[in-house]
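The report that follows describes one molecular structure for a reader who works with models and coordinates. It takes up the surface, the interior space and the backbone in turn.

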Amino acid sequence: MTAQTIANSETFSTHPARNTISRTSLWTGRVLSWLAAAFFLMDAGMKLVKPPFVVQATVQLGYPESCIIGLGIVLLLSTLLYLIPRTAILGAVLLTGYLGGAVATHVRVSAGWFNILFPVVFGAIAWAGLYLRDWRLKTFLAR
C-alpha cells in the first residue's frame, strides 16, 4: 500500500488526529468488535428463530413470549449499527442500553454473579473494540 492509499482509506486520513490509530490497535479493535458482534448476532438470531429453550429462558426471566421477536429485532439493528463505521458509536450506545436491561433483569430475578456480569463483560469488550478502532471516540474521550 502506498502512503496515498492509506491516507484516502476510511480508517486513515490526512487529518493529524485521525492518524493516531496504529495498525495493531486498529486490528485489535476490529477483532474485539467482531467477537462481541458475533455474540450479539447469534443472540439476536436465536430470539428471531425462537427455539424452545430461548422461549423457556425468557419466560423464566419474567418476560412474555410475545416480546422475544421484538428484543431480537432491537438487538439485531443495534448490532448492525455498531458494525457500520459511521454509526458505530450510536450502535454501541444502544447495545449498552440493551445490556443494561439484561443486567437489571438478572438482578431482579436474583440470578448468579455470572449471569449478572456476562452482559457487563460483553459491553466492555464492545466498547474496548470501538475505542481501539475509532479515532472519533478516542478524540472525544481525550477532551
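L77 counts as partly exposed because its relative accessibility is 48%, a value that lies between the limits of under 20% for buried and over 50% for exposed. The model in which this residue is examined is a predicted one. L77 lies in helix α4, and together with L48, V49, I69, I73 and L80 it makes a nonpolar surface patch of about 510 Å². Which helix gives the most to the nonpolar patch? That helix is α4, which contributes four residues, while α2, spanning 23-49, and α4, spanning 68-83, each supply at least two residues of the patch.

The fold around this patch is helical, for the secondary structure of the protein chain comes to seven helices and zero strands. Read from the N terminus on, the elements therefore follow the order α-α-α-α-α-α-α, each of them being a helix as a DSSP run. Of the 143 residues of the protein chain, 34% count as buried.

Rolling a probe the size of a water molecule over the atoms shows where empty space is left. In this model the largest pocket has a volume of about 710 Å³. The elements that give two or more residues to its lining are α2, α3 (52-60), α4, α5 (88-108) and α6 (113-133), and the helices α2 and α4 are thus named both for this lining and for the nonpolar patch. How many residues line the largest pocket, and which of them lie nearest its centre? The lining is made of 25 residues, of which D43, K47, L61, A102 and H106 lie nearest the centre. By class, the lining of the largest pocket has 18 nonpolar residues, together with five polar and two charged ones.

Two loop residues deserve a separate look for their backbone angles. Most residues other than glycine have a negative phi, and most peptide bonds are trans. K50, in the loop between α2 and α3, has a phi near 55°, a positive value in a residue other than glycine. S110 lies in the loop between α5 and α6, and its phi is likewise positive, near 55°, in a residue that is not glycine. As for accessibility, K50 counts as partly exposed because its relative accessibility is 25%, whereas S110 is exposed because its relative accessible area is 63%.

Residues that are separated along the chain can also be followed in space. T139 has its place in helix α7, residues 135-142, and counts as partly exposed because its relative accessibility is 25%. A92, by contrast, is found in helix α5 and is buried because its relative accessible area is 2%, which is under the 20% limit. How far apart in space are the C-alpha atoms of T139 and T20, and what separates those of A92 and T79? The table sets out both pairs.

| Residue pair | Separation along the chain | C-alpha to C-alpha distance |
|---|---|---|
| T139 and T20 | 119 residues | 9.4 Å |
| A92 and T79 | 13 residues | 7.9 Å |

For T139, then, the partner T20 is 119 residues away in sequence while the C-alpha atoms are 9.4 Å apart; for A92 in helix α5, the C-alpha atom of T79 is separated from its own by 7.9 Å.

Notes:
Residues are numbered from 1 along each chain as its sequence is written. This is a predicted model: local features need pLDDT of at least 70, side-chain atom pairs count only at pLDDT 80 or more; totals for chains, interfaces and linings use all residues. Side-chain values use heavy atoms; hydrogens and water are left out. Patches are made of residues with over 30% relative accessible area and no salt bridge: like charges are joined within 9 Å, nonpolar side chains (Val, Leu, Ile, Met, Phe, Trp, Tyr) within 5 Å. Accessible areas come from the Shrake-Rupley method with a 1.4 Å probe; for residues, only the protein chains shown count as cover. A salt bridge is a side-chain nitrogen of Lys or Arg within 4 Å of a carboxyl oxygen of Asp or Glu. Buried means under 20% relative accessible area, exposed over 50%, partly exposed in between (1.4 Å probe, protein chains only). On a 1 Å grid over the protein atoms alone, a cavity is a set of points where a 1.4 Å probe fits but cannot get out, and a pocket is an open set with protein on both sides within 12 Å along at least five of seven lines; lining residues have an atom within 4 Å of a point. Grid points are joined across faces, edges and corners, and a volume is the space filled by probe spheres set on the points. Ala, Val, Leu, Ile, Met, Phe, Trp, Tyr, Cys and Pro count as nonpolar, Asp, Glu, Lys and Arg as charged, and the others, Gly among them, as polar.
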